[in-house]
Amino acid sequence: MSLNFLRWSALRERSSARDADVVPESDRRLASASYRQAIVEQSILPDQAGRVKFKASWWSARSVQPMTIPAGEIVDVVGQKGITLLVEPAFLLRASARGLVKIQRAWEQKGWTLQEPKPVRQGKAPIVVLMDSPDEEAPKEIAAETWKRFLDGKPIYIRTFKACCDALGLAWQEIMADSSEKKSAQTPNRKLGSPEAGVETRLESQLGLTPDASSGALRHQPDRSDDVLVPAAPLRFVGRAAAMAELDRLATSGAKVITILGQGGLGKTTVARQYLQQADFDVVLECWMAKETENITSAESIVQEWLRRYFQEQPGREFGVSLDRLRQQLRCSTVEGRPVKIGVLVDNLETALDRSGRFVKAHRPYAALLEVLADPQVQSLTLVTSREPLHELHVTVQPYSLPSLSLEAWQQFLLSCGVQVNPPILTDMHRAYGGNAKAMTILSSVIQIDCAGCMEAYWQEHQDDLLGETDLEDLVASHFSRVQQLYPEAYRLLYRLGCYRFQTIAVVPAAGLSSLLWDVPELEHPRIIRFLKELFLIEARETGYALHPVIQSKAVALLKASPDWQIAHRKAAEFWTEQVPTVETVETALMALEAYHHYGQSPDWEAAAGVILHKRDSQWIKEEPLGVSFYRLGLLQPMIAAITQILPRVRSGQMLGHLCRILGDLHWLTGTVHQAIHCHERARDIAVAMDLLDLELVSTFNIGLCQLDLWELEDAKRLFHLVNSRAAQTEHHLYAVGSWFCLALIHSYEGNRQAASELVQRVFQDYDAISLSSWSRCYGLLFLGLTLKNLGEWDQAHRLYDLACLYAEQGQYTQAKARALTGLAELSRHHRNFAGAMTDLLTAQQLLDRIDAKGDLAAVHYQLGLTHQQMNEPAESQRHFQRAIQLFQQMRAPNQVHRVETALAALTRSLPD
C-alpha cells in the first residue's frame with residue numbers, strides 16, 4: 001500500500017470541513033505579507049482559475065481582482081475557498097530560513113563584504129561597495145540598504161529580490177519564503193487548528209500534508225520548526241561550512257548513519273538540524289533522548305510513532321515486526337513515482353550508552369533500530385549527535401568529530417551581536433573556552449546585557465573565573481556528573497588532573513595521567529584514559545594530553561574539595577622528577593621544574609627546594625643541580641622567582657645555603673651584582689656556621705667574581721688569594737684553579753705580564769681539574785682568552801674563545817656563548833675586520849637581550865662603541881657608550897661607569913670642533 005494512498009485516505013476524513021474555512025477579508029492583508037506566497041504555474045484569467053505552486057504542492061487558484069496573472073508571477077495567498085486558493089499579485093518577497101542559509105554560503109564563497117555606503121556623487125543614492133572580492137565585483141546598482149534587508153531575510157521588491165539572487169548565482173524560486181514560514185510577527189496569536197488559521201494550516205499541523213489539486217496525490221512536508229533550526233539572522237549560524245561539506249561528503253560516499261561527536265555545547269545538534277534542513281529531505285524523523293537515562297522514551301514507542309505518523313502504517317505487536325515494517329518503508333516509500341528522501345535525527349544519544357559505548361540494558365532495542373537505519377538499502381540518512389562514541393558490534397556508523405569553532409567564527413558571530421571585539425582579548429577568550437559554540441552564545445548575551453557590549457570590560461572582571469556564568473557552570477558540571485555516574489575511576493582521574501598546570505608545559509604524557517591512578521590496577525589505566533579521550537574531556541595531542549581551561553577550572557575546584565589534593569600533587573611531582581633523567585634543553589628544564597610547583601601546592605617547601613637542588617648527569621656535565629641547569633640554559637628569571645618564593649620558608653641550613661649560592665649566581669649573571677654579593681655572603685655565613693668548607697669556598701670565590709665585575713680589582717684579588725690558599729692541593733682543588741684564571745685576568749688588567757703568564761700556564765697544566773664543571777670549563781677558557789688578549793697573544797686568545805664558544809654551544813650555555821662572541825668581536829676589531837666584529841656583537845646582544853643579562857649586555861655595548869669609533873661612526877659610537885653607561889649605573893658599578901666615560905671623553909675630544 002503506497003504512502004500516497006494512505007495519506008489521501010487520512011485526508012478525506014477531514015475534508016468535509018474545508019469549504020467553510022475561508023480567511024476573512026480583514027485578515028487578507030495580514031496573510032499576504034510575503035509569508036504565504038505562491039508561484040503561478042498556469043495563468044490565472046479574470047473569470048477562470050489557474051494553477052499555482054504553493055508550499056511545494058499544486059493548487060487551483062483564483063484572483064480576488066478581475067485581472068490576468070501570467071505564469072511565473074509571484075502571488076500572495078490571501079484566502080481559501082474549498083480547495084481553491086484566493087490570490088493577488090505580490091509586490092514583495094523575502095528569503096525563507098532555508099534560503100538564508102544558501103544566501104550566507106553563497107555570500108561567503110564570493111568573499112563579499114558590505115562597507116558603509118558612500119554617495120557616488122551629490123544627489124545620488126548610495127550604492128553597495130564590496131571588498132575582499134578577488135574574483136569578481138558585485139552589481140553596484142543594488143542599494144546597500146537593499147542588500148542588508150535581503151541578507152537579513154526582510155521583504156524587498158520582487159524584481160530586486162531576483163536581481164540579488166542572480167548576483168549570488170542562486171535560483172530565486174529556491175530562495176523565496178513560502179507558507180512553511182509560519183512564524184510571522186504580523187500573526188503572532190494564531191493557533192494551529194483554530195478557525196482563523198485555515199484548513200491548510202490545520203492539516204499541516206496534524207498530518208504534515210498538502211493536497212495536489214490536479215492529481216489528488218499527497219505531498220508530505222517535514223515537521224520542522226524553522227525558528228529553532230535556523231536563527232533569525234544569517235550570521236547566527238557561522239563557521240560550519242566545512243562541517244556541512246564533510247557531512248555532504250560522507251553522505252555521498254554512502255554513509256547511512258553518521259555520528260556527530262563532540263563535547264557539550266559544541267553545536268552538534270545545531271549542525272545536524274541545519275544539515276537536515278538545507279538538504280531538502282521529504283520527511284525528517286526525529287528522536288530526542290532525555291537528559292536522564294531513566295526518562296528515555298523506549299525504542300519501541302519511537303518506531304510506533306514513526307510508523308503511524310509518517311507512514312500511516314500500524315506497528316506490529318512485536319518490536320521485530322515493527323522494525324521490519326519500518327525497514328520496508330525506508331526502502332520502498334515513494335512520492336509521485338520517486339523514492340522518498342528521508343532524514344533522521346537522533347539527538348543526545350549518550351544518555352542511552354554505558355561506559356563501553358554500548359546501549360544500557362533497558363535500551364538495547366535502540367541497537368536494533370540503528371541496525372535498520374544503517375541498512376545499505378534504505379533511502380534515509382541518519383544523523384546521531386552524541387558526546388560519546390557508539391561501539392555496537394552490529395551497527396555500522398560513520399563517526400565525525402565536530403571541531404570547535406574557529407577564532408574567525410567567534411569574531412564574526414560576536415560582531416553580528418553588536419559586541420565591541422578586542423582582538424587580543426577575543427583570542428584569550430576563544431582559547432580559554434576552546435572555541436565552544438555554547439560558550440560563545442552565552443558570553444555574547446552577557447557582554448551585551450551586563451557590559452553594554454564592551455568585551456574588554458567583561459574579560460577584565462571575569463578572566464579569572466571562567467565558570468562564573470551559571471549556564472557555563474551547569475554545562476561543565478553535566479560532563480563531570482555523567483562521568484561520575486558511568487565510570488567512577490575515570491571521574492577521579494578527571495578531577496585529579498586539576499593538579500597539573502598545563503601552562504609552561506602544556507601537555508602531560510600518558511605516564512603522568514597514570515601516576516594519578518594510584519588506587520587503580522595498572523592494566524586498567526589505558527582503558528580509563530581512552531574513555532575520557534572519547535568523551536572529549538581530555539584532549540589528545542602528539543606527546544600527551546591536555547585539558548581545556550574550563551574543564552581544568554572545574555577539576556581544580558573538585559580536587560580542592562576532595563581528600564586527594566596533597567597526594568595528587570605529590571604523585572605529580574614524583575612523576576615529573578622521574579620523567580626528566582637529564583636536563584639538556586630548555587623544555588626538559590622547565591619540565592623538571594613542574595615538580596617544584598606541585599610541592600608548592602602541597603605545600604612541602606623542603607621538597608620544593610629539593611627539586612631545585614636535585615642533581616642530574618648529562619653528556620657533558622656531572623651532578624648538575626637543576627638551579628644551575630637553569631642559568632646554564634639562560635633561564636634566569638624563572639629560577640630567580642622560584643628560589644625567592646621559597647627562601648623564607650626553608651628551614652634546613654645546608655639546603656638554605658645552597659639555594660642562596662645559586663640565587664647569587666643568578667643575580668650575578670643578570671647584572672644585579674650587589675644582590676648577588678648579599679646572597680653569597682649569606683651562603684658563606686651558613687657554611688661557616690655549619691662547617692661546610694665546599695660551600696664556603698664557592699661562596700667566597702663568587703663574591704670575588706662580583707667584585708671583578710664591579711671593577712673592584714683589589715678586593716677581588718684578595719678574595720681569590722684566600723680561596724687559593726685554602727683550596728690548593730685539597731679535595732676542593734677545583735676552586736684553587738678557578739682562582740688562578742681570575743687572578744691572571746686581574747694581573748693582565750694591571751699590566752703585570754709575568755704574573756699573568758705564569759698563572760695562565762698553571763691553569764693549562766691543571767686544566768683537568770675544572771673540565772667536569774660546566775661553568776669552570778667555559779668561563780675558564782673565557783677568562784684565559786681575555787687575559788691572553790690583554791697580553792697581546794691574539795692568535796692564542798682566538799683559539800681559546802673558539803673553544804669556549806664550542807663548549808658553550810654543546811652545553812647550551814647561552815651566556816657563556818655570548819661572552820665568547822664578544823671576545824671574538826674584540827679580536828676581529830683589532831684586525832680591522834669590522835664586519836665580523838659587528839656580526840658577533842649583534843648576535844651576542846640578541847642572546848643577552850633574551851635573558852636580560854645587564855652586566856654582559858653593558859660589555860657588548862661598550863665593545864660596539866669602540867667598534868663604531870674605529871669605523872669612524874662617532875654618532876653610533878656615542879649611542880652605544882651612553883647605553884653601556886646606563887646599564888653599569890643600574891648595576892651600581894661606578895668604576896665600570898668611569899671606564900666607559902673615559903672612552904667616551906676620548907671620542908669627544910677626537911671630534912672636529
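**Helix packing, a barrel and one helix in detail**

Helices H16 and H18 cross in a right-handed sense, meaning that the near helix is turned clockwise from the far one by less than a right angle. This is a predicted model, in which local features need pLDDT of at least 70 and side-chain atom pairs count only at pLDDT 80 or more, while totals for chains, interfaces and linings use all residues. Residues are numbered from 1 along each chain as its sequence is written, and side-chain values use heavy atoms, with hydrogens and water left out.

H16 covers residues 437-451 and H18 residues 470-486; they pack at about 165°, their axes 10 Å apart. Axes are lines fitted to C-alpha atoms over the stretch in contact, and angles run from 0 to 180 degrees between N-to-C directions. H16 and H18 are therefore roughly antiparallel (over 145 degrees).

Elsewhere, 5 strands form a closed barrel in the order E1-E2-E3-E5-E4, with mixed pairing; strands pair if DSSP finds at least two bridges between them. From one strand to the next the twist averages 55°. Strands E1 (residues 37-42) and E2 (residues 50-54) run antiparallel and are joined by 3 bridges. Val-40 has Val-52 in E2 as its bridge partner.

Helix H11 has 13 residues, 299-311, and at 1.5 Å a residue (times one less than the number of residues) should span 18 Å, which agrees with the 17 Å between its end C-alpha atoms. Its buried residues (under 20% relative accessible area, 1.4 Å probe, protein chains only) include Ala-299, Ile-302, Val-303, Trp-306, Leu-307, Tyr-310 and Phe-311. These cover an arc of only 130° around the axis, which puts them on the same side of H11; the arc is taken from the directions from the helix axis to the C-beta atoms. Just after H11, Gln-312 takes a positive phi of about 50°.

Key:
Helices (H or I, at least four residues) and strands (E, at least two) are DSSP runs, numbered from the N terminus. Buried means under 20% relative accessible area, exposed over 50%, partly exposed in between (1.4 Å probe, protein chains only). Angles under 35 degrees count as roughly parallel, over 145 as roughly antiparallel, 65 to 115 as roughly perpendicular and the rest as oblique.
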